[in-house]
Amino acid sequence: MTDVFAALADETRRALLDRPFIKNGQNIGDLHSGMAMSRQAVAKHLHILESANLVSVHWQGREKLHYLNPVPLGDIAQRWVGKFEDARIAALTDFKQQQARGETACRTSKPQPLKHAHQPASPVRRILSIQSSSRPLRNKSGTA
């Protein structure tokens with residue numbers, strides 16, 4: 001996976017990797033067109049992308065066609081992004097459940113006094129107490 005990160009670290013290789021995404025199966029001439037570098041430089045960058053398995057090569061007669069291989073990118077997304085997404089979604093779900101329990105408790109019973117006067121209330125309790133004690137907010141037209 002280190003070689004994938006190394007290949008993606010270069011802006012030129014990322015731009016070159018976008019080209020087979022738009023149109024898969026291009027030869028080096030197609031990939032080189034519009035790039036601000038020599039054909040040999042494109043070939044070197046393609047070799048690095050091939051070594052990282054981000055681009056696969058298929059020969060069609062004498063023509064070498066380059067195809068995007070999304071598997072290493074999917075592995076990165078699953079390994080590095082997915083685990084953080086799962087944790088964040090779980091935290092948001094827990095927070096939503098706590099909010100639902102807190103709102104139900106506030107509707108059915110009086111708020112509990114703080115155990116220690118010097119300890120501040122939780123942010124959620126502060127927001128709920130401010131909302132219940134303050135007058136309704138008005139918009140620019142003066143309506144609630």
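## Core, helix H4 and hairpin of a predicted model

The largest nonpolar core, meaning a set of buried Ala, Val, Leu, Ile, Met, Phe, Trp, Tyr and Cys residues joined through side-chain atoms within 4.5 Å, has 16 residues, and those with the most contacts inside it are Leu16, Leu17, Leu46, Leu49 and Leu54. The elements giving two or more residues to this core are H1, H2, H3 and H4. In soluble globular proteins, nonpolar side chains tend to be buried together.

This is a predicted model, in which local features need pLDDT of at least 70 and side-chain atom pairs count only at pLDDT 80 or more, while totals for chains, interfaces and linings use all residues. Residues are numbered from 1 along each chain as its sequence is written, and side-chain values use heavy atoms, with hydrogens and water left out.

The protein chain contains six helices and two strands, in the order α-α-α-α-β-β-α-α from the N terminus on; helices (H or I, at least four residues) and strands (E, at least two) are DSSP runs, numbered from the N terminus. Of the 144 residues in the chain, 19% are buried, where buried means under 20% relative accessible area, exposed over 50%, and partly exposed in between (1.4 Å probe, protein chains only). With contact defined as heavy atoms within 4.5 Å, residues 24 or more positions apart account for 48% of the contacts with a separation of 6 or more.

Helix H4 (residues 39-51) has 13 residues and reaches 18 Å from its first C-alpha to its last, close to the 18 Å expected at 1.5 Å a residue, the expected span being 1.5 Å times one less than the number of residues. Its buried residues are Val42, His45, Leu46 and Leu49. They lie on the same side of H4 because they cover an arc of only 105° around the axis, the arc being that of the directions from the helix axis to the C-beta atoms. These buried residues pack against helices H1 (2-8), H2 (11-22) and H3 (28-32) and against strands E1 (55-60) and E2 (63-68), whereas the face turned away from the buried side carries the exposed residues Gln40 and Lys44. H4 is followed by Asn53, whose phi is positive, near 65°.

Strands E1 and E2 pair in the antiparallel sense over six bridges; two strands pair if DSSP finds at least two bridges between them. They form a hairpin with two residues between them, and Gly61 in the turn has a positive phi of about 70°. Within this pair, Val57 stands opposite His66 in E2. Leaving aside neighbours within four places in sequence, the contacts of His66 include Pro20, Leu31, Leu46 and Glu50.

Two residues can be set side by side by location and accessibility.

| Residue | Element | Relative accessible area |
|---|---|---|
| His66 | strand E2 | 3%, buried |
| Asp75 | helix H5 (residues 71-108) | 37%, partly exposed |

Asp75 and Met1 are 74 residues apart in sequence and 8.7 Å apart in space, C-alpha to C-alpha.

Confidence is given as pLDDT, the predictor's confidence in each residue, from 0 to 100. The mean for the protein chain is 78, and 71% of its residues reach 70 or more. Confidence is highest in H4, at a mean of 95, and lowest in helix H6 (residues 123-133), at 50. Over residues 130-135 the pLDDT is below 50, and this stretch has zero contacts in the model beyond near neighbours in sequence.
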